[in-house]
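Here are my notes on the model, set out as numbered points for discussion. They begin with the annotated positions and then turn to helix packing and aromatic pairs.

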Amino acid sequence: MAAGADGDTAAAAVVVFDFDRTIIEWDSDDWVITKLGASDAFRRLHPTMRWNPLMDRMMAELHAQGRSADDIRDCLKSAPLDAHILSAITTASALGCDLRVVSDANAFFIETVLEHHGVLGCFSEISTNPARVDGDGRLRISPFHDPDSSPHGCSLCPENMCKGIIQMKRDMDNRNLAWSPGKIIERIQATANGKRHFIYIGDGRGDYCPSLKLGEGDYVMPKENYPLWNLISSNTQLLKAEVHPWNNGEELERTLLKLVNKLISPPAQASQFECKCDMSNPVSTEVGRNQALRVPH
């Protein structure tokens, strides 16, 4: 792939994808809870718990029922993924774009789905809620940002994750455990030094804040009739980026590739590039808190 690491200005564009109801049409939390039989426990506990602790508790419920991490993987693998979305990912990667995931799902779910469909290696980085399989074989899910220790202070975003403002990041290149200041959208923008255009694709309320961080020459692709689209439509003057809505996988692919080709100068063809969606060394799910995952190639 022509780009990936922070600071590499060879990319035609930085394409940032949300995950739930964007890369996938479905919601990954709902899919696992429903398919593996934890809906009753979810309905009982939902009114009393915040979302991230609730999802961790749901994984405990599944573990108590005898469901293993492999059962959860198989459940996620059984879910459909639109062929147009896969084509959009592989083609944008082949054209030299730097692809990222910024999502309020979790690392285990995202990596499982992308690896199963052969596109995990197309992404240079995944920023999401950490997940790991503990010594008892139970899947544990943690918040990207601990709302109790240091609230992020953004009123637009859920308390566990702001996709736009300062967060924390662990250096995955050297696998060291030293924490250093980092950002999500603003950090990615800073490493581009103003030399790359951004395309942000999402659907939810949490995608509004990062959309506001984009500037002229950037693009936002909101899913029509979902919260992001509704928020943008309520006051279009607040966004500097150009807005290109979509409804389904076919429209997402067509719109994304039209924008990518517009940004490529001189025009390039996908056949000129090798799409290195390398699955030989997928990123580990044994990850820590407040972490943007670097996907090795």
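1. Is Asp18 buried or exposed? In this predicted model, Asp18 has a relative accessibility of 6% and therefore counts as buried, since the cut-off for that class is under 20%. The residue is found in the loop that runs between strand S1 (13-17) and helix H1 (28-35), and its side chain is joined to that of Thr22 by a polar contact of 3.4 Å.

2. Asp18 belongs to a set that also includes Asp20 and Asp203, the three being covered by the UniProt annotation "binding site", which comes from an unreviewed entry. Although these residues are spread over 186 residues of sequence, they cluster in space, with a largest C-alpha distance of 8.4 Å. I would keep in mind that such annotations may be inferred rather than shown by experiment.

3. Asp203, from the set just described, has its place in the loop between strand S8 (197-202) and helix H8 (208-212). With a relative accessibility of 7%, Asp203 counts as buried because that value falls under 20%. When neighbours within four places in sequence are left aside, Asp203 is in contact with Asp18, Asp20, Arg21, Thr22, Lys223, Tyr226, Pro227 and Leu228, a list that takes in both of the other annotated residues, Asp18 and Asp20.

4. The feature "binding site" is also placed by UniProt, again in an unreviewed entry, at Asp29 and Asp104. These two are spread over 76 residues of sequence and yet cluster in space, the largest C-alpha distance being 10.4 Å. The lining of the largest cavity takes in both Asp29 and Asp104.

5. How do the surroundings of this second pair look, taken residue by residue? Asp29 is found in helix H1 and, at 6% relative accessibility, counts as buried; beyond its neighbours within four places in sequence, Asp29 is in contact with Trp51, Met55, Asn106 and Phe109. Asp104 lies in strand S2 (residues 98-106) and, at 27% relative accessibility, counts as partly exposed, while its side chain makes a polar contact of 2.7 Å with the side chain of Asn129.

6. Ser39 has its place in helix H2 (residues 39-45) and counts as buried at 18% relative accessibility, a value to be read against the cut-off of 20%. Not counting residues up to four places away in sequence, Ser39 touches Ile33 and Thr34.

7. In helix H4 (residues 69-77), the residues Ala69, Ile72, Cys75 and Leu76 are buried. They cover an arc of only 120 degrees around the axis, and therefore lie on the same side of H4. An α-helix has 3.6 residues a turn, so residues three or four places apart point the same way. The elements covering the buried residues of H4 include H1, helix H3 (51-64), helix H6 (107-116), strand S4 (131-133) and strand S5 (139-141).

8. The count of aromatic pairs comes to four. One of them is formed by Trp26 and Trp31, which are tilted, with 5.3 Å centre to centre and 40 degrees between the planes; both of these residues are buried. Another is the edge-to-face pair of Phe108 and Phe109, at 6.4 Å centre to centre and 65 degrees between the planes, and here too Phe108 and Phe109 are buried. Phe109 was named above among the contacts of Asp29.

Notes
Residues are numbered from 1 along each chain as its sequence is written. This is a predicted model: local features need pLDDT of at least 70, side-chain atom pairs count only at pLDDT 80 or more; totals for chains, interfaces and linings use all residues. Side-chain values use heavy atoms; hydrogens and water are left out. Helices (H or I, at least four residues) and strands (E, at least two) are DSSP runs, numbered from the N terminus. Buried means under 20% relative accessible area, exposed over 50%, partly exposed in between (1.4 Å probe, protein chains only). A polar contact is a pair of N or O atoms within 3.5 Å; within protein, one must be able to donate a hydrogen and the other to accept it, and residues adjacent in sequence count only if both atoms are side-chain atoms. Contact means heavy atoms within 4.5 Å. On a 1 Å grid over the protein atoms alone, a cavity is a set of points where a 1.4 Å probe fits but cannot get out, and a pocket is an open set with protein on both sides within 12 Å along at least five of seven lines; lining residues have an atom within 4 Å of a point. The arc is that of the directions from the helix axis to the C-beta atoms. Rings of Phe, Tyr and Trp (its six-membered ring) pair if their centres lie within 6.5 Å; planes under 30 degrees apart count as stacked, over 60 as edge-to-face and the rest as tilted.
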